[in-house]
Amino acid sequence: MTVAVTLTFRRYLEGIAEVPPTWPMAALEAQVIAARSYVLSRTGWEGAQGESLDGSICGTADCQVYGGIPDPRPPGIRRWYEAVRRTRGQVLLYGDRPADTVYFSTSNGRTYGNDEVFGSSPLAYLRPTVERDDGASPLSNWRVELPFADLETVLPAAGLWPSGVRIASASVSGSTIRIAGGGRTASLDASGLRDAVNTWAPCLLPGRYPSGGLPITIPSGWFGVSSGARSLVVQGRGWGHGVGMVQWGAYGKASRGWSARRILAFYYGGLKPRPYPEPGSMQVVVATGLRSLTVVPSRAGARLGELTLSTRKLRITGGEQVTVSGRGS
């Protein structure tokens, strides 16, 4: 099953959960305008003010994170709602169309052109910049230790090492990692290690990874690897793809007194917010590949489609047919 929610465009923006609502207002406003521009660009919106937006957008980090309207509301959330209200209808335009205002968390000291990272045609507003203001990010510098014992579990799942064979040693030359043990040797590059660890470590060793409060095991491709007696050590900087606005950089610039307009112009090639019609409603895909779903009504009398729900949970199970069980009317 796939679950999508239909809601007003304003409610969608209020539910974006990309940065803490306690950040400086200029950083929040810059994030709202970037998020608004991004969704209108990615959905190809060309309608008039208040019309429904055709199509949908995902609610994960593959698009931009939609967290919904939280209950209870966290501290500072009304500041985010205020940023949405204050920037209503403000969009970054390239020509007469919304710009593809991608963004990411934390840099390695610079940003990259869209062509360098995504392989797409160069865009004038997504050019490399030097970043000096994201040092407050907890991901500005990070370190991950990968014991050989854990790699003996993770690497076989990725097809990079024989199952059941102990790893006795490892050496690193440039971006190539050579591991040995049990009369076997294998070589893998740093990007292969990152893909394997990020894919399999949280699945096979969920109590250990991600570690150290990191969002994923190896947060970015900007890292180096060294070998120890019983582990590999990965040290790096940043989190994200590296193109467009640096969210922690926006935080740093806002803390230094920059306005939202100045922040956006810095990251997006001088583009400034301009008025643009907003949709009235849209769809957000919040989950895919589900086999079952439990709906908890917020109150008696809440509605799910044509169902009026009591305060009991409602369970929806997929398969060859959809089964709904619980107490409703």
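**Exercise 1. Determine which residues of α7 and α8 meet, and describe how the two helices cross.**

Solution. Step 1: G249, A250, K253 and A254 in α7 meet I263, F266 and Y267 in α8, where contact means heavy atoms within 4.5 Å. The structure is a predicted model, in which local features need pLDDT of at least 70 and side-chain atom pairs count only at pLDDT 80 or more, while totals for chains, interfaces and linings use all residues. Residues are numbered from 1 along each chain as its sequence is written, and side-chain values use heavy atoms, with hydrogens and water left out.

Step 2: Helices (H or I, at least four residues) and strands (E, at least two) are DSSP runs, numbered from the N terminus. Two packed helices are described by the angle between their axes and the distance between the axes. Axes are lines fitted to C-alpha atoms, for helices over the stretch in contact, and angles run from 0 to 180 degrees between N-to-C directions.

Step 3: The axes of α7 (residues 247-255) and α8 (residues 260-267) cross at roughly 140 degrees and come within 10 Å. α7 is therefore oblique to α8; angles under 35 degrees count as roughly parallel, over 145 as roughly antiparallel, 65 to 115 as roughly perpendicular and the rest as oblique.

**Exercise 2. Establish the strand order of the sheet that contains β11, and state which helices pack on it.**

Solution. Step 1: The order is β6-β11-β10, in an open sheet of three strands with antiparallel pairing. Two strands pair if DSSP finds at least two bridges between them.

Step 2: β6 (142-147) and β10 (223-227) are the edge strands; each has a single partner strand, so one side of each lacks a neighbour in the sheet. From one strand to the next, the twist averages 20 degrees.

Step 3: Six bridges link β6 and β11 (residues 231-236) in the antiparallel sense, and V144 has V234 in β11 as its bridge partner.

Step 4: Helix α5 (residues 148-157) lies across β6 and β11, at about 80 degrees to β6. Helix α6 (residues 190-204) also packs on the sheet, touching β6, β10 and β11, and its direction makes about 90 degrees with that of β10.

**Exercise 3. Describe the sheet formed by β4, β3 and β13, and the helix that lies across these strands.**

Solution. Step 1: This open sheet of three strands has the order β4-β3-β13 with antiparallel pairing. β4 and β13 (273-275) stand at its edges with a single partner strand each, so one side of each is left without a neighbour in the sheet.

Step 2: β3 (residues 90-94) and β13 run antiparallel and are joined by three bridges; V91 stands opposite R274 in β13.

Step 3: α2 lies across β3, β4 and β13, running at about 55 degrees to β3.

**Exercise 4. Is L28 buried or exposed, and which contacts does D100 make?**

Solution. Step 1: L28 belongs to helix α2 (residues 25-42). L28 is buried, with a relative accessible area of 0%; buried means under 20%, exposed over 50%, and partly exposed in between (1.4 Å probe, protein chains only).

Step 2: Not counting residues up to four places away in sequence, L28 touches V19, P20, P21, W23, R79, W80 and A83.

Step 3: D100 lies in the loop between β4 (97-98) and β5 (103-104), and is buried, with a relative accessible area of 16%.

Step 4: Neighbours within four places in sequence aside, D100 is in contact with Y38, S41, R42, Y125 and L126. The side chains of D100 and R42 are joined by a polar contact of 2.9 Å (a pair of N or O atoms within 3.5 Å; within protein, one must be able to donate a hydrogen and the other to accept it, and residues adjacent in sequence count only if both atoms are side-chain atoms).
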